Amino acid sequence: MILKKSNGKQLANDTFHLSGKHFETVEAGPEAASQRERLLVIIDGRALDRQCLAQSIVAHKAELRVLAFGSIEEWRQRHSQWPQLSAILLNIGGRRISEPAVAEEIRRLSSDFEPAPVIVLADTDELSQIMKALECGAKGYIPSSVSIDVCIEAVYLALAGGTFVPASSVFAMRQLLETGSTAARPLAGMFTARQAEVVEALRRGKANKIIAYELNLRESTVKVHIRNIMKKIKATNRTEVAYKINDLFPADPPVDGMEQRYR
């Protein structure tokens, strides 16, 4: 189905096209679809989210034809009814790209539908997640904190051959490049400078006494830093701190023999 101008009846399908301020659903075939060159497919398992996003995009950009599906399998079953897609907007919501299933979905979409770009929409703007998405083949990463106008422009940038990343990630990468110290890295955006140093020591399995000696701190102060770090990342012990940090920032894995208990 597509949308056409009418008297404001409710929308009843996941396929949207804009041609007026008020809409009703009408039957349409491949001939009507072929009138538009650019076809954006939204993949989101949450019906309300994908319908709202599709309608918002349609309301802002008439030249984009928008189809919304709950899974890529649904699109495969119906793709023969429509012209070749131009781009895929994959909304992963609160899922993390470090999850194998999510990473594999991005890789599969990027490979199977090349040269159509895959743009990831997610609830976080963490640098590690953005980098992981790009490594998996995504041609853009849009945090859900941006406006619909920015989202649309990000899609158009990908259609033009560019890659969109949020400004926050650019600033984080700049900080990473400008600071030579190990502790400063992307951790600086999450922790204080001293906490970042403690985190780096924890992920390498160093005992509290060693951390205190190397950072010229009291052991009791190290324990306070560790408790604050645990609160920030919702960890229950130092082992979980190291695990979560390595999940967030996997480029620098811990050494073997990491301590397994909280001191």
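Here are legends for close-up views of this structure, which is a predicted model.

**View 1. Strand E6 with its neighbours E4 and E7.** Strand E6 covers residues 87-93, and 7 of its 7 residues are buried. Ala87, Leu89, Asn91 and Gly93 point one way from the strand, while Ile88, Leu90 and Ile92 point the other way. E6 pairs in the parallel sense with strand E4 (residues 38-43) over 4 bridges, and valine 41 stands opposite isoleucine 88. With E7, E6 again pairs in the parallel sense, here over 5 bridges. To find your way along that pairing, look for glycine 93, whose bridge partner in E7 is alanine 122.

**View 2. From E6 through helix H4 to E7.** Together, E6, H4 and E7 make a right-handed β-α-β unit. Glutamate 105 is a good residue to pick out in helix H4. Is glutamate 105 buried or exposed? Its relative accessibility is 14%, under the 20% cut-off, so glutamate 105 counts as buried. Leaving aside neighbours within four places in sequence, glutamate 105 is in contact with Ile43, Leu90 and Arg95. Of these contacts, Leu90 belongs to the residues of E6 described in the first view.

**View 3. A cis peptide bond before E7.** Follow the chain into the loop between helix H4 (100-112) and E7, and you will find proline 115. The bond that joins glutamate 114 to proline 115 is a cis peptide bond, with omega about 15 degrees.

**View 4. Strands E7 and E8 with helix H5.** Strand E7 (residues 118-122) pairs with E8 in the parallel sense, over 4 bridges. Alanine 122 has proline 143 as its bridge partner in E8. Between these strands, the chain runs from E7 through helix H5 (residues 127-135) to E8, in a right-handed β-α-β crossover. Which residues of E8 (residues 140-143) share a direction? Gly140 and Ile142 point one way, Tyr141 and Pro143 point the other way, and all are buried.

**View 5. The crossing of helices H2 and H6.** The axes of helix H2 (residues 47-60) and helix H6 (residues 148-159) come within 10 Å and cross at roughly 80 degrees. Angles of 65 to 115 degrees count as roughly perpendicular, so H2 and H6 are roughly perpendicular to each other. On the H2 side, the residues that meet H6 are Leu53, Ser56, Ile57 and His60, and their counterparts in H6 are Ile148, Asp149 and Ile152. By class, this contact has 4 nonpolar, 2 polar and 1 charged residues.

**View 6. Helix H8 and the glycine after it.** Helix H8 spans residues 193-203, and 8 of its 11 residues are buried, so the helix is largely enclosed by the rest of the structure. Those buried residues are Gln195, Ala196, Val198, Val199, Glu200, Ala201, Leu202 and Arg203. Following H8 is glycine 205, which has a positive phi near 75 degrees.

**View 7. Asparagine 216 between two helices.** Asparagine 216 sits in the loop between helix H9 (208-215) and helix H10 (219-233). What is the phi of asparagine 216? Asparagine 216 has a positive phi of about 60 degrees, although it is not a glycine. Its relative accessibility is 72%, so asparagine 216 counts as exposed.

Key:
Residues are numbered from 1 along each chain as its sequence is written. This is a predicted model: local features need pLDDT of at least 70, side-chain atom pairs count only at pLDDT 80 or more; totals for chains, interfaces and linings use all residues. Side-chain values use heavy atoms; hydrogens and water are left out. Buried means under 20% relative accessible area, exposed over 50%, partly exposed in between (1.4 Å probe, protein chains only). Two strands pair if DSSP finds at least two bridges between them. A crossover is right-handed if, with the strands pointing away from the viewer, the path from the first strand over the helix to the second runs clockwise. Contact means heavy atoms within 4.5 Å. Axes are lines fitted to C-alpha atoms, for helices over the stretch in contact, and angles run from 0 to 180 degrees between N-to-C directions. Angles under 35 degrees count as roughly parallel, over 145 as roughly antiparallel, 65 to 115 as roughly perpendicular and the rest as oblique. Ala, Val, Leu, Ile, Met, Phe, Trp, Tyr, Cys and Pro count as nonpolar, Asp, Glu, Lys and Arg as charged, and the others, Gly among them, as polar.
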